[in-house]
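This report looks at how two helices pack together, and then at the surroundings of a bound ligand. Please keep the sequence and the 3D view at hand while reading.

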Amino acid sequence: MSNPVFDQIKNIIDSNDVVLFMKGTADFPSCGFSAKVSHILADLGVSFKDVNILEDDSLRQGLKEFSNWPTFPQLYVKGELVGGCDIIREMHESGELAQLFKDNAISCH
Ligand SMILES: N[C@@H](CCC(=O)N[C@@H](CS)C(=O)NCC(=O)O)C(=O)O
């Protein structure tokens, strides 16, 4: 049976190469973890769609189920979950994150 929240999530991640489901927005993050990932993406010069899950509780709960991931932020690249703050920070430090964007032909520094 189709789940309207899952359809909404699929629509967002299919229409945007890089999506950050976060608390707050890129300009005004409401949580340090979300702020960190948003700043990493900005440092790399990657354009991304920010989705504020605090504005939509069904999206907030639905994403945990869809991603099988219990926390935010959640970074999606080309429709695939990459991870949350800890993973993104480690991938950034190792250079793996920039490589992932390059491999997916996403413009970054
Ligand atoms: N270790 C996590 C830190 C993120 C985290 O713990 N987020 C919590 C508090 S902001 C969260 O999203 N909890 C679920 C919720 O608020 O719905 C990561 O790597 O992303």
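The crossing of α2 and α5 is right-handed, a term used when the near helix is turned clockwise from the far one by less than a right angle. The model is a predicted one, in which local features need pLDDT of at least 70 and side-chain atom pairs count only at pLDDT 80 or more, while totals for chains, interfaces and linings use all residues. Residues are numbered from 1 along each chain as its sequence is written, and side-chain values use heavy atoms, without hydrogens or water.

Helix α2 covers residues 32-44 and helix α5 residues 96-103, and their axes lie 11 Å apart at an angle of about 60°; helices here are DSSP runs (H or I, at least four residues), numbered from the N terminus. Axes are lines fitted to C-alpha atoms over the stretch in contact, with angles from 0 to 180 degrees between N-to-C directions. The two helices, α2 and α5, are therefore oblique to each other, since angles under 35 degrees count as roughly parallel, over 145 as roughly antiparallel, 65 to 115 as roughly perpendicular and the rest as oblique.

Turning to the ligand, its oxygen atoms make these polar contacts (pairs of N or O atoms within 3.5 Å):

| Residue | Partner of the ligand oxygen | Distance |
|---|---|---|
| Lys-23 | side-chain N or O atom | 2.5 Å |
| Arg-60 | side-chain N or O atom | 2.7 Å |
| Phe-72 | polar backbone atom | 2.8 Å |

Taken alone, the ligand exposes 500 Å², of which the protein buries 74%, with areas from the Shrake-Rupley method and a 1.4 Å probe.

Notes. A polar contact is a pair of N or O atoms within 3.5 Å; within protein, one must be able to donate a hydrogen and the other to accept it, and residues adjacent in sequence count only if both atoms are side-chain atoms.
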